[in-house]
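Here's a quick tour of one protein chain, with a look at its strands and at the empty spaces inside and around it. Keep the 3D view open while you read.

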Amino acid sequence: MQMSIEQILSSYNDHAPLAEASTIPASWYVDARIAELERLNVFSRTWQLVARTDQLRQPGDFVTARLAGEPVVIVRGDDRVLRAFFNVCRHHAAAVVTQACGHSSILQCPYHGWKYGLDGSLKGMPEFDGVKGFERSDNGLVPIRVETWECFVFVNLDPQTPPLCEFLGGLISRVAPLEISKLRYFDRRRYEIGCNWKVFVDNYLDGGYHVPHLHKGLSSVLDYRQYTIENEDRYCLQSSPMVTSEEDAATGATRKGDRAWYFWQYPNLMINCYAGYMDTNYVIPVDADHCTVIFDFYFSEVSEARREFNAQSVNVGNRVQEEDLGICEDVQRGLKSRAYGAGRLSVRREAGEHLFHCLLAADLKRNPTLAIAAAD
């Protein structure tokens, strides 16, 4: 007999201290109702990364994205104000902007030619004479909250949630000394993975537990014994001193500095920093069994003279991701086994994973009405 959504949620004790805690149950990773509840209670209510500030510098620059199933467009207005809107025409619901990014002086729906200004106002409706009770001012694009931090652009579908600075909390001051806004975007990699999005986050937050076993190259440049985990607010910082190693030439050449910094911001953003280098990992749920992970790579210098070095560095990151991809898909299969219900957590290594599960549980249990809706 299938468990109710209430039974599934109550099966996890989010008040247990780390030394007594278990992971969230396997059902949370494989049940489509949980995935729907996450869409409603997590991704529709948290600040989500959608673009880089360098994509939206000039009036008319735009970027489109999908967030919790909703199409959105972010655009720099003629007044240089950054705005975000639901990318849905008010006439017959077609996407107004169909390109991933670009530049335009007007936003024109390709379906019936309705035109919107960069401020979202409705500018023109072809062959609409004679329509009664229609107010142009009431039919502009529906706005969405948008804010920036460092070199990133975030949006939030919920008009009632706190501002971005409050959501990020202590992460802002911890990242500031690294001066990541001085780095320049270089390249992107996109991965379609056959696992629940939480499996990928768990893997990231295991405190380096899997690194010596799965990532031999990366492990060679980290002082694993001095690896630290710090939790605060909605973020976890994993950090390790760097060591010089020739065990893996490519990793040793491209991962340098005194320390490696690995930031996770609830629910699905990771920021990895070394000297002169950063990559961001953004995990997007697809369904209970699939997610998309987008890696963006940044460097202190992106000149032609540095292209070969930067490309080698991206290849190192790609290799690490390929190693993670296989194990994450294997875990997803194991979560469906009758032999597994939940696992215990390492006090030394998995404090970040515990924080993630507690934050997630608080969000999923926050609104019982939505839980019932997800079940239906």
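Two strands count as paired if DSSP finds at least two bridges between them. With that in hand, strand E16 (residues 277–287) and strand E17 are joined by ten bridges and run antiparallel. Bear in mind that you're looking at a predicted model. We'll start with E17, then go through the pockets and cavities, and finish with a record from UniProt.

**Strand E17 and its partners**

- Strand E17 covers residues 290–299, and nine of its ten residues are buried, so the rest of the structure largely encloses it.
- To get from E16 to E17, the chain passes through a hairpin of two residues.
- If you want a spot to find in this pairing, look for Asn 281, which stands opposite Phe 295 in E17.
- E17 has another partner too: strand E11 (residues 184–193) pairs with E17 in the antiparallel sense, over nine bridges.
- Here the spot to find is Arg 188, which sits opposite Asp 296 in E17.

**The largest pocket**

- The largest pocket holds about 830 Å³ of space.
- It takes 37 residues to line this pocket, and the ones nearest its centre are Ala 65, Arg 66, Tyr 282, Ile 284 and Ile 294.
- Two or more lining residues come from each of these elements: helix H3 (32–43), strand E1 (48–52), strand E2 (61–67), E11, E16 and E17.
- E16 makes the largest contribution to the lining of the largest pocket, with six residues.
- Sorted by class, the lining of the largest pocket comes to 20 nonpolar, eight polar and nine charged residues.
- Where does the largest pocket lie with respect to domain 1 (48–160) and domain 2 (171–357)? It lies between them, because both domains give residues to its lining.

**The second largest pocket**

- Next comes a pocket with about 440 Å³ of space, the second largest.
- Its lining is made of 20 residues, and Asp 202, Asn 203, Val 331, Glu 350 and Glu 353 are the ones nearest the centre.
- Helix H6 (197–204) and helix H10 (307–335) each put at least two residues into the lining of the second largest pocket.
- Which helix gives the most to this lining? That's H10, with five residues.
- The class split for the second largest pocket is ten nonpolar, five polar and five charged residues.

**The cavities**

- Rolling a probe the size of a water molecule over the atoms shows where empty space is left.
- How many cavities of 30 Å³ or more are there? The count is two.
- The largest cavity has about 370 Å³ of space.
- Its lining has 24 residues, with Tyr 204, Leu 218, Asn 272, Val 320 and Asp 324 nearest the centre.
- H6, strand E15 (269–274), E16 and H10 each bring at least two residues to the lining of the largest cavity, and H10 gives the most, with four.
- By class, the lining of the largest cavity splits into eleven nonpolar, nine polar and four charged residues.
- The second largest cavity has a volume of about 50 Å³.
- Among the residues that line the second largest cavity are Trp 47, Phe 154, Phe 167, Pro 267 and Tyr 282.
- No charged residues turn up in the lining of the second largest cavity, which has eight nonpolar and three polar ones.
- Domain 1 (48–160) and domain 2 (171–357) each supply at least three residues to the lining of the second largest cavity.

**A UniProt domain and a loop residue**

- An unreviewed UniProt entry places the feature "domain: Rieske" at residues 47–155.
- Over residues 47–155 the chain is 0% helix and 41% strand, and the C-alpha atoms at the two ends are 6 Å apart.
- Now look for Ala 100, in the loop between strand E4 (82–86) and strand E5 (101–103).
- Is Ala 100 buried or exposed? It counts as exposed, because its relative accessibility is 54% and the cut-off for exposed is over 50%.
- Ala 100 and Thr 64 are 36 residues apart in sequence, while their C-alpha atoms are 5.2 Å apart in space.

Note on methods:
Residues are numbered from 1 along each chain as its sequence is written. This is a predicted model: local features need pLDDT of at least 70, side-chain atom pairs count only at pLDDT 80 or more; totals for chains, interfaces and linings use all residues. Side-chain values use heavy atoms; hydrogens and water are left out. Buried means under 20% relative accessible area, exposed over 50%, partly exposed in between (1.4 Å probe, protein chains only). On a 1 Å grid over the protein atoms alone, a cavity is a set of points where a 1.4 Å probe fits but cannot get out, and a pocket is an open set with protein on both sides within 12 Å along at least five of seven lines; lining residues have an atom within 4 Å of a point. Grid points are joined across faces, edges and corners, and a volume is the space filled by probe spheres set on the points. Ala, Val, Leu, Ile, Met, Phe, Trp, Tyr, Cys and Pro count as nonpolar, Asp, Glu, Lys and Arg as charged, and the others, Gly among them, as polar. Domain bounds come from an automatic or database domain assignment. UniProt positions are given in the numbering used here, feature names are shortened, and annotations may be inferred rather than shown by experiment.
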